[in-house]
Amino acid sequence: MSDSRAVDEAAIQGVLIDSYKAWEAGDADGMVANYTADATAIMTGSLRDSRDVIRENMALAFEGPLKGSSTYNKTLSLRFVGRDAAIVVSESGILFAGQTEVPDTGKVNATWVFEKRDGQWLIAAYHNSPVLESGQ
């Protein structure tokens, strides 16, 4: 991996870490700070079609069912698509208040699409789907 790709990879990982920290703090604004304005997110079968819509939905969730939650995240792969795009695949899950481990039934495979705009890596799209048991 070239030095510039190593720097890009570190920057992308930093964006993810910042997003995870904001989730843990219940900070919807911080969670979407590194999303493009036209970002999309598909979660639980619903489309959220802008950074503002994603933020609004997360703010409501942090006040309700996701209050006090954090996330489990494990990067499975990161690959670059051209000079200014990258795809991250992760295994993730929500740790609800009081939980120390995400049950297998609560884990998702997530795809993050990153775009480099004006020298900064931003999340352009996110999608997750439940992890199925082997053979399904």
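In the predicted model, Asp 118 lies in the loop that connects strands E5 and E6. Its phi angle is near 50 degrees, a positive value in a residue other than glycine. Most residues other than glycine have a negative phi. Asp 118 counts as exposed because its relative accessibility is 84%, where the cut-off for that class is over 50%.

The two strands that flank this loop belong to a chain with 3 helices and 6 strands. Read from the N terminus, the order of these elements is α-α-β-β-α-β-β-β-β. For a chain of 136 residues, a compact globule would have a radius of gyration near 14 Å, and the value of 15 Å computed for this chain therefore agrees with that expectation. Along the principal axes, the C-alpha atoms fill a box of roughly 40 × 35 × 25 Å. The accessible surface amounts to about 7,800 Å², and carbon and sulfur atoms hold 51% of this area. Buried residues make up 36% of the 136 in the chain. When contacts between residues at least 6 apart in sequence are considered, 48% of them join residues at least 24 apart.

An unreviewed UniProt entry places the feature "domain: SnoaL-like" at residues 17–132. Within residues 17–132, helix accounts for 22% of the chain and strand for 48%. The C-alpha atoms at the two ends of this segment are 25 Å apart.

The interior was then examined. In soluble globular proteins, nonpolar side chains tend to be buried together. The largest nonpolar core of the model comprises 27 residues, and Tyr 35, Met 58, Trp 112 and Phe 114 are those with the most contacts inside it. Two or more residues are supplied to this core by each of helix H1 (3–24), helix H2 (28–31), strand E1 (35–43), helix H3 (51–63), strand E4, strand E5 (107–117) and strand E6 (120–130). Helix H1 gives the largest share, with 6 residues.

Two residues, Met 58 and Trp 23, illustrate the packing around helices H1 and H3. Beyond residues up to four places away in sequence, Met 58 is in contact with Trp 23, Ala 28, Met 31, Met 43 and Leu 66. Trp 23 is located in helix H1 and is classed as buried because its relative accessibility is 12%. Although Trp 23 and Met 58 are 35 residues apart along the chain, their C-alpha atoms are separated by 8.8 Å. With the same exclusion of residues up to four places away, the contacts of Trp 23 are Met 31, Met 58, Phe 62, Leu 66, Ser 69, Ser 70, Thr 71 and Ile 94.

Helix H1 also contains Ser 19, which counts as buried because its relative accessibility is 6%. The C-alpha atoms of Ser 19 and Gly 82 lie 24 Å apart in space, and the two residues are 63 residues apart in sequence.

Asn 34 occupies the loop between helix H2 and strand E1. A relative accessibility of 15% places Asn 34 in the buried class, for which the limit is under 20%. Its contacts, apart from residues up to four places away in sequence, are with Val 15, Asp 18, Gln 120, Leu 122 and Ile 123.

On the strands, Ser 90 and Ser 46 were examined in turn. Ser 90 sits in strand E4, which covers residues 85–95, and is buried because its relative accessible area is 1%. Its side chain forms a polar contact of 3.2 Å with the side chain of Ser 92. Leaving aside residues up to four places away in sequence, Ser 90 touches Lys 74, Thr 75, Leu 76, Val 108, Asn 109, Ala 110 and Trp 112. Trp 112 is also one of the residues with the most contacts inside the largest nonpolar core.

Ser 46 belongs to strand E2, which spans residues 46–48. With a relative accessibility of 28%, Ser 46 counts as partly exposed. The side chain of Ser 46 makes a polar contact with that of Arg 48 at 3.5 Å. Ser 46 and His 127 are 81 residues apart in sequence, and their C-alpha atoms are 9.8 Å apart in space.

Notes:
Residues numbered from 1 in each chain as written. Predicted model: local features only at pLDDT ≥ 70, side-chain atom pairs only at ≥ 80, totals over all residues. Heavy atoms only, no water. Helix = DSSP H or I, 4+ residues; strand = E, 2+ residues; numbered from the N terminus. Buried < 20%, exposed > 50% of the residue type's maximum accessible area, 1.4 Å probe, protein only. Polar contact = N/O pair within 3.5 Å; in protein donor to acceptor, adjacent residues only side chain to side chain. Contact = heavy atoms within 4.5 Å. Core = buried A, V, L, I, M, F, W, Y, C linked by side-chain atoms within 4.5 Å. UniProt positions renumbered as here; feature names shortened; annotations may be inferred. Rg over C-alpha atoms; globule rule 2.2 N^0.38 Å. Areas by Shrake-Rupley, 256 points an atom, 1.4 Å probe, with all protein chains shown as cover.
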